[in-house]
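The following exercises are to be worked with the sequence and the coordinates at hand. Each task is followed by a solution in steps.

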Amino acid sequence: MARVILVFNKKVIKEYPFSKDSMTIGRDEANEIVIDNLAVSGHHARIDKTGDIYILTDLQSTNGTFANDKKITSYKLQHKDKITIGKHLLFFALSKQEQAKATDEELDKTMILDTAQQKELLEKQAEKKAKDVSAQQGKIGVVSFIDGSGEGEIQLKKKLTKIGKAETSEIRLGGLFMPPTAATISRRPNGYAITATTGKTKVKVNDKAIKESYYLKDFDTIEIGSYKFQFYSHDIEDEK
């Protein structure tokens, strides 16, 4: 028999064996699991048993129901799942027999995925990748300065665009502490990737410093020193 363990401030308050087909949770005394806390709605949530499946449902509560720290409307419970309602935690536990049965069912589902299905999945993945690459090859990247420097827009036509203080840089940036090459943007088959080349000058994308290559998406914001620009791409046909 499954059970629900009510915990508050790391102390077990009570254990509730799942002896019915449904168990309600809330502040109202009519619930099977009563939580006396103003953050909890009168009828906050419900757990229903359907065969061997347990479903947690939020009953349009004021502050929401969370399963493993994610807000849910309806959720299929698994062994050791953590439910958060207000400031209280409820841990869901299956019996050993139910755990063993759930494991056997998962193994059966895995066995059903035969060679033909695996082949179909691989073909779909390959088709999607080919479409993504084809779509990207028909686009060209652009960086547009949004820092008031008046640098305007620069198209990323080369396979490798260098950004920095050096005269050989395609995107030249000034400044006392700006290195000759602070970063590069490489044009790859599946998109444009920016890479920081020195740790002295931080390269940020969407306010987060990057240490490895980062694939740029439309409208990503790049910051290098006091410079700030935005990346986007458009169809090559637009240039004609």
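**Exercise 1. Strand pairing around β21**

In this predicted model, β18 and β21 form an antiparallel pair over 3 bridges. Determine which residue of β21 is the bridge partner of V205, and in which sense β21 pairs with β22.

Solution.

Step 1. V205 has I222 as its bridge partner in β21.

Step 2. The pairing of β21 with β22 is antiparallel and extends over 5 bridges. Within it, T221 has Q230 of β22 as its bridge partner.

Step 3. β21 and β22 form a hairpin with 2 residues between the strands, and G225 in this hairpin adopts a positive phi near 60°.

Step 4. As to cover, 4 of the 5 residues of β21 are buried, and the strand is thus described as mostly covered.

**Exercise 2. The largest nonpolar core**

Identify the residues that touch the most other members of the largest nonpolar core, and state which strands each supply at least two of its residues.

Solution.

Step 1. The core has 23 residues, of which L173, I185, I194, I224 and F229 touch the most other members.

Step 2. At least two residues come from each of β12 (139–145), β16 (183–188), β17 (191–196), β18 (203–205), β21 (220–224) and β22 (227–235).

Step 3. A second, separate core comprises 22 residues, including A2, I25, Y54 and I83.

Step 4. Consider I194 in detail. With residues up to four places away in sequence set aside, I194 touches A183, T184, I185, V203, V205, I210, E212, S213, Y214, L216 and I222.

Step 5. A general tendency offers context: nonpolar side chains in soluble globular proteins tend to be buried together.

**Exercise 3. Two residues in their surroundings**

Decide whether L156 is buried or exposed, and do likewise for H88. Then list the contacts of L156 and of H88.

Solution.

Step 1. L156 belongs to strand β13, residues 153–156. Its relative accessibility is 0%, and because buried means under 20%, L156 counts as buried.

Step 2. Beyond its neighbours within four places in sequence, L156 is in contact with I140, G141, V142, V143, T161, I171, I185, R187, Y192 and F231. For V142, 14 residues from L156 along the chain, the separation of the two C-alpha atoms is 5.7 Å.

Step 3. H88 is part of strand β11, residues 88–93. With a relative accessible area of 9%, H88 is buried by the same cut-off of under 20%.

Step 4. Residues up to four places away in sequence again being excluded, H88 touches L6, V7, F8, I35, N37 and I83.

**Exercise 4. Aromatic pairs**

Establish how many aromatic pairs there are, and why the pair of F18 and Y54 ties together parts that are apart in sequence.

Solution.

Step 1. The count comes to 5 aromatic pairs.

Step 2. One of them joins F18 and Y54, with 5.1 Å centre to centre and 85° between the planes, an edge-to-face arrangement.

Step 3. F18 is located in the loop between β2 (11–17) and β3 (22–26), while Y54 is located in strand β6 (residues 53–58); the pair therefore ties together parts 36 residues apart in sequence. Both F18 and Y54 are buried.

Step 4. F145 and Y227 also form an edge-to-face pair, with 6.3 Å centre to centre and 80° between the planes. Since F145 lies in strand β12 and Y227 in strand β22, this pair ties together parts 82 residues apart in sequence. F145 and Y227 are both buried.

Step 5. Ring pairs also link F18, Y54 and F92 into a cluster.

**Exercise 5. An open sheet and the overall fold**

Give the strand order of the open sheet of 5 strands, name its edge strands, and place the sheet in the context of the protein.

Solution.

Step 1. The order is β15-β14-β16-β17-β20, and the pairing is mixed.

Step 2. β15 (171–172) and β20 (214–215) are the edge strands, each pairing on one side only.

Step 3. Strand β14 (residues 160–164) runs antiparallel to β16, joined to it by 4 bridges. In this pairing L160 stands opposite S186 of β16.

Step 4. The protein contains 2 helices and 22 strands. Of its 240 residues, 35% count as buried.

Step 5. The exposed area is about 15,400 Å², of which carbon and sulfur atoms supply 52%.

Conventions
Residues numbered from 1 in each chain as written. Predicted model: local features only at pLDDT ≥ 70, side-chain atom pairs only at ≥ 80, totals over all residues. Heavy atoms only, no water. Core = buried A, V, L, I, M, F, W, Y, C linked by side-chain atoms within 4.5 Å. Buried < 20%, exposed > 50% of the residue type's maximum accessible area, 1.4 Å probe, protein only. Contact = heavy atoms within 4.5 Å. Pairing = 2+ DSSP bridges. Phe/Tyr/Trp six-rings, centres within 6.5 Å; stacked < 30°, edge-to-face > 60°. Areas by Shrake-Rupley, 256 points an atom, 1.4 Å probe, with all protein chains shown as cover.
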